[in-house]
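This report looks at a sheet, a helix that lies across it, and two residues with unusual backbone angles. Please keep the sequence and the structure in view while reading.

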Amino acid sequence: ATPSAMSAYNSCLDSEIPVVYTAVSDPVGAGLADEEGNSVGNITGTSDKLPVEEQLKMIRDLMPDAKKIGILYTTSEPNSVSAVKEYQEKAGEYGFKIEALGVMTQAEVNQATDTLISKGVDCFTNLTDNNVVGVLPSILEKTNEAGIPVYGSEIEQVKLGCVASAGIEYVALGRQTGMMAAKILKGEAKASDMPYETISEFEIYVNPDAMAALKLSADVENAIDVTAE
């Protein structure tokens with residue numbers, strides 16, 4: 001992910017070792033690519049940019065009367081900062097207001113959760129934020145007690161108890177990244193000449209048990225039931 005990719009790249013600046021990253025939501029914001037998507041050095045990879053618009057549409061379909069969405073994010077994670085900005089830019093198109101609260105460390109997440117709950121958010125939507133996801137069970141304990149749904153950003157978060165997610169398929173992302181690495185290892189391409197790639201496929205995942213507990217309908221078209229796997 002983003003912190004690992006940045007560390008690997010900085011460690012290899014004075015060597016000939018290529019770096020191939022995966023699951024970096026905002027390579028440009030992380031300084032791993034320029035504004036055109038081209039490499040800034042001997043590095044390339046894939047982005048797991050969240051399907052924000054699809055997530056907003058899904059939340060609106062499931063919660064027709066909701067007005068305010070809470071987002072917890074780490075202020076030092078470029079991928080989270082850019083995702084929050086996109087949510088804020090697009091939320092109005094779906095009749096939502098975003099209540100975003102930044103944290104510096106994982107220890108601050110629980111208190112920040114209480115703060116957002118006190119602000120009257122109708123639901124939370126998660127990012128692929130390392131600090132926040134690391135304490136997701138604690139967040140869910142608080143939000144479930146308050147009767148507030150939490151929407152995830154990928155399948156594993158939904159398995160843990162988030163109600164639903166418009167998320168990308170990480171196996172497909174890994175395969176795509178592996179193909180890029182293979183080209184470099186075979187001498188068919190150089191990381192410095194390869195723009196980063198963004199996966200476009202996403203799936204709707206639902207957790208019927210979590211949805212039932214919060215009185216949400218699990219009848220979502222073309223959704224994948226994570227409890228059936």
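## A helix across the sheet

Helix α3, which spans residues 78-90, lies across β3, β4 and β5, and runs at about 165° to β3. The model is predicted, and the descriptions that follow should be read with that in mind.

## Strand order and pairing

The open sheet to which these strands belong has four strands in the order β4-β3-β5-β6, and their pairing is parallel. Because β4 (97-103) and β6 (150-151) stand at the edges and each has a single partner strand, one side of each is left without a neighbour in the sheet.

Within this order, strand β3 (residues 68-74) pairs with strand β5 (residues 123-125) in the parallel sense, over two bridges. Ile69 stands opposite Cys123 in β5. In general, strands of a sheet pair through backbone hydrogen bonds, whether parallel or antiparallel.

## Two residues with positive phi

Most residues other than glycine have a negative phi. Ala23, which is not a glycine, nevertheless has a positive phi, near 60°, and this residue lies in the loop between β1 (19-21) and β2 (43-47). Asn222, likewise not a glycine, has a positive phi of about 60°, and is found in the loop between α9 (208-213) and β10 (224-225).

Which of these loop residues is buried, and which is exposed? Ala23 has a relative accessible area of 18% and is therefore buried, the cut-off for that class being under 20%. Asn222, at 65% relative accessibility, counts as exposed, since that class begins over 50%.

Methods
Residues are numbered from 1 along each chain as its sequence is written. This is a predicted model: local features need pLDDT of at least 70, side-chain atom pairs count only at pLDDT 80 or more; totals for chains, interfaces and linings use all residues. Side-chain values use heavy atoms; hydrogens and water are left out. Two strands pair if DSSP finds at least two bridges between them. Contact means heavy atoms within 4.5 Å. Axes are lines fitted to C-alpha atoms, for helices over the stretch in contact, and angles run from 0 to 180 degrees between N-to-C directions. Buried means under 20% relative accessible area, exposed over 50%, partly exposed in between (1.4 Å probe, protein chains only).
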